[in-house]
Amino acid sequence: MTSPAVTVRGDASLAWAARAMARHQVKRLPVVDERGMLKGVVSRGDLLKVFLRSDEDIARDVRENVVARHFPGAWRSVEVDVEEAVVTLSGLLGDRSLVPVADRLVRSVEGVVDVRFELTPNRV
């Protein structure tokens with residue numbers, strides 16, 4: 001074990017925890033609260049589980065929690081396809097200015113490795 005102990009706060013992102021583990025070459029990382037009290041331990045395996053979601057689970061999550069929730073009327077006929085954790089959004093685009101927002105939201109879904117857009121403008 002390293003001294004002083006390398007820790008991560010409970011509200012840290014998975015990416016932050018993974019970077020800390022890699023930077024300090026540790027396999028486990030104590031999780032502490034704002035007072036430094038131990039709340040748990042995260043391992044490399046715990047971090048990898050996020051990326052082991054099925055393509056179907058990821059697609060459902062993107063459809064329900066990104067497209068339907070945030071863009072219900074802005075995009076018509078948007079298709080969500082996932083292959084090897086790469087999300088492709090295709091179909092008619094109602095508002096091009098929403099693409100960067102959609103990109104960020106889709107990338108925040110656990111398990112997403114990359115996002116591709118194959119959207120065409122809605123000419124109505």
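Val8 stands opposite Val31 in β2, a pairing that belongs to the parallel contact of β1 and β2 over 2 bridges. The model is predicted; the mean pLDDT of the chain is 87, with 94% of its residues at 70 or more. Two open sheets are described below, one in the order β1-β2-β3 and one in the order β4-β5-β6, together with the helices that lie across them.

**Confidence**

- Within the chain, the lowest confidence falls in α2, where the mean is 84, and the highest in β4, at 95.

**Sheet β1-β2-β3**

- This open sheet has 3 strands, and its pairing is mixed.
- β1 and β3 are the edge strands, each with a single partner, so one side of each has no neighbour in the sheet.
- β2 and β3 run antiparallel and are joined by 5 bridges, whereas β1 and β2 pair in the parallel sense.
- Two residues of β2 illustrate its register with β3: Leu29 stands opposite Val42, and Val32 has Leu38 as its bridge partner.
- The hairpin of β2 and β3 has 5 residues between the strands, and in it Gly36 takes a positive phi near 85°.
- β2 is mostly covered, with 4 of its 5 residues buried.

**Helix α1 against the β1-β2-β3 sheet**

- α1 (residues 14-24) lies across β1, β2 and β3, and its direction makes an angle of about 130° with β2.
- Ala17, Ala20 and Met21 are buried in α1. Viewed down the helix axis, these buried residues fall within an arc of 95°, so they line one face of α1.
- This grouping follows a general rule: an α-helix has 3.6 residues a turn, so residues three or four places apart point the same way.
- The buried residues of α1 pack against β1 (8-9), β2 (28-32), β3 (38-43) and α2 (44-49).
- Ala22 and Arg23 are exposed, on the face of α1 turned away from its buried side.
- At the start of α1, a side-chain oxygen of Ser13 comes to within 3.0 Å of the backbone nitrogen of Trp16. Just after the helix, Gln25 takes a positive phi of about 50°.

**Sheet β4-β5-β6**

- This open sheet also has mixed pairing, and 3 strands form it.
- Its edge strands are β4 (79-83) and β6 (114-121), each of which pairs on one side only.
- From one strand to the next, the twist averages 15°.
- β5 (residues 86-93) and β6 run parallel and are joined by 8 bridges; Leu119 in β6 is the bridge partner of Gly91.

**Helices α3 and α4 against the β4-β5-β6 sheet**

- α3 (residues 55-70) lies across β4 and β5, running at about 150° to β4.
- α4 (residues 99-107) lies across β5 and β6, running at about 150° to β6.
- Val99, Ala102, Asp103 and Val106 are the buried residues of α4. They cover an arc of only 105° around the axis, which puts them on the same side of the helix.
- The elements covering the buried residues of α4 include α3, β5 and β6.

Note on methods. Residues numbered from 1 in each chain as written. Predicted model: local features only at pLDDT ≥ 70, side-chain atom pairs only at ≥ 80, totals over all residues. Heavy atoms only, no water. Buried < 20%, exposed > 50% of the residue type's maximum accessible area, 1.4 Å probe, protein only. Arc of directions from axis to C-beta. Contact = heavy atoms within 4.5 Å. Polar contact = N/O pair within 3.5 Å; in protein donor to acceptor, adjacent residues only side chain to side chain. Pairing = 2+ DSSP bridges. Axes fitted to C-alpha atoms, helices over the stretch in contact; angles between N-to-C directions. pLDDT = per-residue confidence, 0-100.
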